[in-house]
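Here is a quick walk through this model, going from one chain to how the copies meet and then to a few local details. Keep the structure open as you read.

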Amino acid sequence: MKIISKIFEFKTSGNCDIVDLTDITRRALSDTSLKDGQLTVFAPGATCAVTTMEYESGLIADTKEIFRRLAAERGPWRHDAASPTGNAPSHLRAALVGPSLSVPFSDGNLELGTWQSIVFIDFDNRPRSRKVILKFIGE
Amino acid sequence: MKIISKIFEFKTSGNCDIVDLTDITRRALSDTSLKDGQLTVFAPGATCAVTTMEYESGLIADTKEIFRRLAAERGPWRHDAASPTGNAPSHLRAALVGPSLSVPFSDGNLELGTWQSIVFIDFDNRPRSRKVILKFIGE
Amino acid sequence: MKIISKIFEFKTSGNCDIVDLTDITRRALSDTSLKDGQLTVFAPGATCAVTTMEYESGLIADTKEIFRRLAAERGPWRHDAASPTGNAPSHLRAALVGPSLSVPFSDGNLELGTWQSIVFIDFDNRPRSRKVILKFIGE
């Protein structure tokens, strides 16, 4: 049994920018030579999150829309009184979706559904340099 | 330390059908003979999710209602313009809840709360054949 | 590779009381002497959840507000017809956020973002005695 870490860095445009991490994650798993185990995908940050979805342009637009509805851009929010960033909804959306995802793998393959992509969502209200941590545990 | 995988297959009626996986998961853990470790429950699919809840008929109805409110069945949604399935809200709800859950176990028992069941929610808008992947890491 | 469990017990005031677990978790990791691996934080209970957020007083207030909007305190809810506790929204919010979180660590440090705290949210509608389970897998 081994533990192997990979860090993937990338830029986002913020504002619910959704980045498909599936290919990079598949390649990282292949590089580990692990066959059977579990991957943790972790977003280090308080205004970003990871989940899975079908990475299709209509759904990407719908996802931005649903988060606008779930935590409206206009407040008033207390956090925005305390700081001038105006990104309280970014924080609320990130806490709701959560920063971690666990994906099993077998025979060297992530056990995702056919249309299921691993995505990073940047809820912050400006472009950011981001990273995700991939932690593979397996053999 | 060992890694042991189990796959559980079942049918759902879709439309926020909520399946209690607690008993099957307990039996699977017992079959592994592992005593101490961590279980990942993973839903492979873009319109289904896993979480925990009290599996009580009132709450089951309330859960269906809250998801109707959080992502209304009537759009218009962009995904439904792109595909004729009309299941954009199924996708949005699944991404919100997420496909993975990690549950610790000790002394061969899942460390769930008294009323806490592991559930699979099928958000798709039609009956489906589904599976979940149980990945046990422990000793 | 080792598995080490810690249980942390505490009291909450309920009603979306948000408890910062970051320091206690850092100390627990330090006590394990593990350097590289993955932590599962698990909330055993059907009316509580774990996630991450910036632990800032404005955001704490905003988080309480967003959950009031996402699952309103006034129903009618079916669960509340079945039981006199009146805490159906507590259950719905907990299922939405989820009871588990996976956090990677390297060089003996949790790989959290700068402003990212690990939090326990007690959605129940009364003060509670609670616990979280910390399960470290690593070397």
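When we talk about helices and strands here, we mean DSSP runs, with at least four residues for a helix and at least two for a strand, numbered from the N terminus. Bear in mind that this is a predicted model.

**One chain**

Let's start with chain A, which has four helices and eight strands. Read from the N terminus, the order of its elements is β-β-α-β-β-α-α-α-β-β-β-β. The C-alpha trace of chain A spans about 50 × 30 × 20 Å along its principal axes. Chain A has 139 residues, and 51% of them count as buried. Look at contacts in chain A between residues at least 6 apart in sequence, and 83% of them join residues at least 24 apart.

**An enclosed helix**

How many of the 10 residues of helix H4 (residues 88–97) of chain A are buried? The count is 10 of the 10, so this helix is largely enclosed by the rest of the structure. The cut-off behind that is 20 or more other C-beta atoms within 10 Å of a residue's own. The buried residues of H4(A) include Ala88(A), Pro89(A), Leu92(A) and Val97(A), and also Ser90(A), His91(A) and Arg93(A). Right after H4(A) comes Gly98(A), with a positive phi near 95 degrees.

**How the copies meet**

Now for the interfaces. Where chain A meets chain B, 31 residues of chain A are in contact with 27 residues of chain B. On the chain A side, the elements giving two or more residues are strand S3 (37–42), strand S4 (48–53), helix H2 (57–70), strand S5 (100–106) and strand S8 (128–138). H2(A) gives the largest share of that side, with seven residues. Sorted by class, the side of chain A that touches chain B has 13 nonpolar, 12 polar and six charged residues.

What about chain B against chain C? That contact takes 31 residues from chain B and 27 residues from chain C. In chain B, at least two residues each come from strand S3 (37–42), strand S4 (48–53), helix H2 (57–70), strand S5 (100–106) and strand S8 (128–138). Here the largest share of the chain B side is from H2(B), at seven residues. That side of chain B divides into 13 nonpolar, 12 polar and six charged residues.

So how do chain A and chain B line up? A rotation of 120 degrees, with 0.0 Å of shift along its axis, superposes chain A on chain B with an RMSD of 0.0 Å. The two copies are therefore related as by a three-fold rotation axis. They use different surfaces, too: 16% of the contact residues of chain A recur in chain B.

**Two loop residues with positive phi**

Finally, here are two spots worth clicking on. Neither Asn15(B) nor Asp107(C) is a glycine, but each has a positive phi.

| Residue | Phi | Loop between |
|---|---|---|
| Asn15(B) | about 55 degrees | strand S1 (2–12) and strand S2 (17–20) of chain B |
| Asp107(C) | near 50 degrees | strand S5 (100–106) and strand S6 (109–110) of chain C |

Is each of them buried or exposed? Asn15(B) counts as partly exposed because it has 15 C-beta neighbours inside 10 Å. Asp107(C) is exposed, with 7 other C-beta atoms within 10 Å.

How values were computed:
Residues are numbered from 1 along each chain as its sequence is written. Chains are lettered from A and ligands numbered from 1 in the order in which they are written. This is a predicted model: local features need pLDDT of at least 70, side-chain atom pairs count only at pLDDT 80 or more; totals for chains, interfaces and linings use all residues. Two residues are in contact if their C-beta atoms, placed from the backbone, lie within 7 Å. Ala, Val, Leu, Ile, Met, Phe, Trp, Tyr, Cys and Pro count as nonpolar, Asp, Glu, Lys and Arg as charged, and the others, Gly among them, as polar. Copies are superposed by least squares on the C-alpha atoms of residues with pLDDT of at least 70 in both. A residue is buried if 20 or more other C-beta atoms lie within 10 Å of its own, exposed if 12 or fewer, and partly exposed in between; C-beta atoms are placed from the backbone.
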